[in-house]
Amino acid sequence: MRYTRLGSTGLQVSALSLGCMSFGDPTRGNHDWTLGDDDSRTIIRKALDAGINFLDTANTYSDGSSEEIVGRALRDLGIHRDDVVLATKVYNRMRPGPNGGGLSRKAIFTEVDNSLRRLQVDHVDLYQIHRWDYETPIEETLEALHDVVKAGKARYIGASSMHAWQFSKALYLADLHGWTRFVSMQNHYNLLHREEEREMLPLCADQGIGVIPWSPLARGRLTRQWDTATARSETDEFGKTLYGEDDRVITERVIELAGRRGVAPAQVALAWVLRNPVVTAPIIGVSRPEQLDDLVAGVDLVLDDEEAAYLEAPYVPHAPVGFK
């Protein structure tokens with residue numbers, strides 16, 4: 001595994017981040033395909049053994065149980081807190097009624113404490129806003145996040161999918177007021193969805209922001225034949241909105257190129273994302289331990305310009321998806 005710095009910070013992270021959305025109590029939330037403690041712990045242990053030190057979860061994953069499972073796994077495995085870079089998120093609704101979600105000062109202060117309790121730690125390394133809150137002034141959100149950092153509950157702050165103008169505004173206001181600045185952007189980027197290349201990725205490159213894309217394998221679409229279904233794809237209603245029939249040809253080319261190179265399609269799809277110099281660490285989702293072997297190998301796979309162009313050629317522009 002190789003390591004790199006997250007954007008312009010001094011924080012060193014592995015070139016892959018283990019996404020923890022697949023870990024959780026299947027009876028909580030709306031993901032009945034998630035893995036319980038034992039299966040999750042096996043994957044986390046294998047990821048750590050492979051050199052992955054960057055774990056990404058969220059308060060909303062399986063109604064908080066993803067954070068609980070990650071916390072128990074790190075405790076039971078005897079992992080020293082300083083040996084992992086732990087990231088979580090805030091925004092989505094966690095309980096009914098007023099102030100049960102969003103990015104108000106009240107919501108952020110409540111949810112960071114809840115996340116720390118579930119994770120069994122006194123701080124997270126990266127605290128991210130999961131989406132833009134249209135009902136809360138961004139100044140209120142930024143000052144609250146600044147205070148979370150100053151209280152020692154988070155080391156850095158990051159953001160996830162939003163419009164580039166919104167992210168630019170947040171960076172400007174943080175600089176203007178002397179508040180803690182976002183250091184990372186977790187956005188939707190893969191061979192099937194490249195709209196972030198228009199504005200967000202150039203903005204991140206200019207501002208020294210680390211990019212940690214979600215769904216670099218397009219919810220697994222780039223790892224299997226197009227018509228092959230999985231337990232997750234059958235029930236993942238959000239995932240069904242992300243890709244369409246026009247994307248099939250790219251998946252076919254990924255599989256074809258993988259066959260020519262004698263590697264797994266996941267390695268090709270991941271290697272393409274990592275070709276972009278602004279990308280720091282794609283967030284990989286794993287449901288079986290053996291999947292990690294191909295993904296870790298993908299870090300060292302190098303595609304030449306001709307191969308990359310072949311994969312990119314059929315791309316059809318998409319409307320931005322994954323955020324409002």
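This tour goes through a predicted model in four stops, each with something to select.

**Stop 1: helix 4**

Select residues 138-150, which form helix 4. Place a distance between the C-alpha atoms at its two ends; they are 18 Å apart. How far should the 13 residues of helix 4 span at 1.5 Å a residue? The expected span is 18 Å, so the model agrees with it.

Now colour the buried residues of helix 4: I138, T141, L142, A144, L145, H146, V148 and V149. To see what these buried residues pack against, add helix 3 (105-119) and helix 5 (164-177) to the view. Three strands also belong to these surroundings: strand 6 (124-129), strand 7 (154-160) and strand 8 (182-186).

Before leaving, select G152, just after helix 4. Its phi is positive, at about 80°.

**Stop 2: A174 in helix 5**

Go to helix 5 and select A174. Is A174 buried or exposed? Its relative accessibility is 1%, so A174 counts as buried, the cut-off being under 20%.

Show the neighbours of A174, leaving out residues up to four places away in sequence. A174 touches L142, W179, T180 and R181. One of these, L142, is among the buried residues of helix 4 seen at the previous stop. I138 is another residue to compare: A174 and I138 are 36 residues apart along the chain, and their C-alpha atoms are separated by 9.8 Å.

**Stop 3: helices 9 and 10**

Select residues 265-274 for helix 9 and residues 291-298 for helix 10. Two packed helices are described by the angle between their axes and the distance between the axes. Here the angle is about 35° and the axes are 8 Å apart. The crossing of helix 9 and helix 10 is right-handed.

Which residues meet in this contact? From helix 9, show A266, Q267, L270, A271 and L274; from helix 10, show D294, L295, A297 and G298. The residues of this contact divide into six nonpolar, two polar and one charged.

**Stop 4: E307 in helix 11**

Finally, select E307, in helix 11 (residues 305-312). E307 has 12% relative accessibility and therefore counts as buried.

Which residues does E307 touch, not counting those up to four places away in sequence? They are L257, R261 and V302. Display the side chains of E307 and R261 together: a polar contact of 2.9 Å joins them.

Note on methods
Residues are numbered from 1 along each chain as its sequence is written. This is a predicted model: local features need pLDDT of at least 70, side-chain atom pairs count only at pLDDT 80 or more; totals for chains, interfaces and linings use all residues. Side-chain values use heavy atoms; hydrogens and water are left out. Helices (H or I, at least four residues) and strands (E, at least two) are DSSP runs, numbered from the N terminus. The expected span of a helix is 1.5 Å times one less than its number of residues. Buried means under 20% relative accessible area, exposed over 50%, partly exposed in between (1.4 Å probe, protein chains only). Contact means heavy atoms within 4.5 Å. Axes are lines fitted to C-alpha atoms, for helices over the stretch in contact, and angles run from 0 to 180 degrees between N-to-C directions. A crossing is left-handed if the near helix is turned anticlockwise from the far one by less than a right angle, and right-handed if clockwise. Ala, Val, Leu, Ile, Met, Phe, Trp, Tyr, Cys and Pro count as nonpolar, Asp, Glu, Lys and Arg as charged, and the others, Gly among them, as polar. A polar contact is a pair of N or O atoms within 3.5 Å; within protein, one must be able to donate a hydrogen and the other to accept it, and residues adjacent in sequence count only if both atoms are side-chain atoms.
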